[in-house]
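Hi,

Here is the structure I said I would pass on. Have a look at it first, and then read my notes underneath.

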Amino acid sequence: MDQVDKALEALKFHIKKEIVDNYFADRVYLEEETTLLQEETESYRRDRELAGRRFLAFYQALGSDAAIESVMHLLGLKERPFYRQFQELSEPLRRELLRSFPSRGWTAARRRRNLVFDIYEQLQQETGKLREQYQKIEIHVRLLNEDIDKFNLSYDFGLIAAQMEAIEGRQEVISGALFSGEREELSTRMRFKRRKLGPEELPELPALPPLKEIKGRLKEILGRFGF
């Protein structure tokens with residue numbers, strides 16, 4: 001083997017090595033991004049459950065189904081978030097929901113009204129932060145899927161095999177030639193699956209207006225129910 005042949009063999013080796021190195025580097029990147037997305041999603045669900053307890057406290061503070069219905073209408077909510085969980089609570093557990101909130105006001109009605117205002121204000125802030133988390137996760141999913149599409153297009157096994165065979169002068173890439181079905185199976189296993197987060201995996205919370213925007217109307221509603 002003369003110097004030219006040696007140089008060509010070395011070049012072919014480095015080209016094949018670069019293809020393999022790039023494949024595994026890009027695959028590790030996608031695996032890390034997928035793990036990060038999973039962690040973000042789990043963190044969002046945990047924080048959402050904590051916000052759920054604030055919804056339960058809000059329902060308890062409103063005191064009656066009629067008051068809850070009126071306030072949900074004011075907020076533009078057709079469904080009551082976490083309401084099924086609230087219905088399943090015993091009365092002692094419902095009262096416990098309000099224990100951590102301070103009592104403010106000279107009269108019982110004023111204290112009840114301030115309690116509703118305080119809980120709602122915290123609830124609105126928490127849901128606002130959660131919606132920001134939700135939107136960031138949605139963006140992460142979209143960008144990750146774009147990278148997955150690029151990866152699957154760049155590292156199609158059939159295409160890589162054809163490139164390798166061209167380098168080797170149509171020799172087999174893997175000894176014991178693979179049948180077309182086997183190549184297709186290997187190509188499928190090398191591909192990354194696109195990520196999709198449905199409502200069960202990534203449940204959204206409704207947007208709530210700031211207290212200052214609805215305080216007057218909320219006060220009127222509460223007044224009708226003796227607050």
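Which residues lie nearest the centre of the largest pocket? Keep in mind that this is a predicted model. The residues in question are Arg48, Glu79, Arg80, Pro81 and Phe82, out of 14 that line the largest pocket. Its volume comes out at about 350 Å³.

As for where that lining comes from, α1 (3-62) and α3 (83-88) each put in at least two residues. The top contributor is α3, which gives three residues to the lining of the largest pocket. If you sort the lining of the largest pocket by class, you get seven charged residues, six nonpolar and one polar.

Next, the helix packing. Helix α5 (residues 108-154) packs with helix α8 (residues 211-224) at an angle of about 145 degrees, and their axes are 11 Å apart. The crossing of α5 past α8 is right-handed. On the α5 side, the contact is made by Arg113, Val116, Phe117, Tyr120 and Glu121. Facing them from α8 are Leu211, Ile214, Lys215, Leu218, Lys219 and Leu222. What classes of residue does the contact of α5 with α8 have? There are seven nonpolar and four charged residues, and no polar ones.

Last, the salt bridges. The count comes to 10 salt bridges. One to pull up on your screen is the salt bridge between the side chains of Arg54 and Glu126, at 2.7 Å from N to O. Arg54 sits in helix α1 and Glu126 in helix α5, so this pair ties together parts that are 72 residues apart in sequence. That brings back two helices from earlier: α1 supplies at least two residues of the pocket lining, and α5 is the partner of α8 in the packing above.

Shout if anything is unclear.

Cheers

Notes:
Residues numbered from 1 in each chain as written. Predicted model: local features only at pLDDT ≥ 70, side-chain atom pairs only at ≥ 80, totals over all residues. Heavy atoms only, no water. Axes fitted to C-alpha atoms, helices over the stretch in contact; angles between N-to-C directions. Helix = DSSP H or I, 4+ residues; strand = E, 2+ residues; numbered from the N terminus. Left-handed = near helix turned anticlockwise from the far one by under 90°. Contact = heavy atoms within 4.5 Å. Nonpolar A, V, L, I, M, F, W, Y, C, P; charged D, E, K, R; others polar. 1 Å grid on protein atoms, 1.4 Å probe; cavity = no way out; pocket = protein on both sides within 12 Å on 5 of 7 lines; lining within 4 Å. Points joined across faces, edges and corners; volume = space filled by probe spheres on them. Salt bridge = Lys/Arg side-chain N within 4 Å of Asp/Glu carboxyl O.
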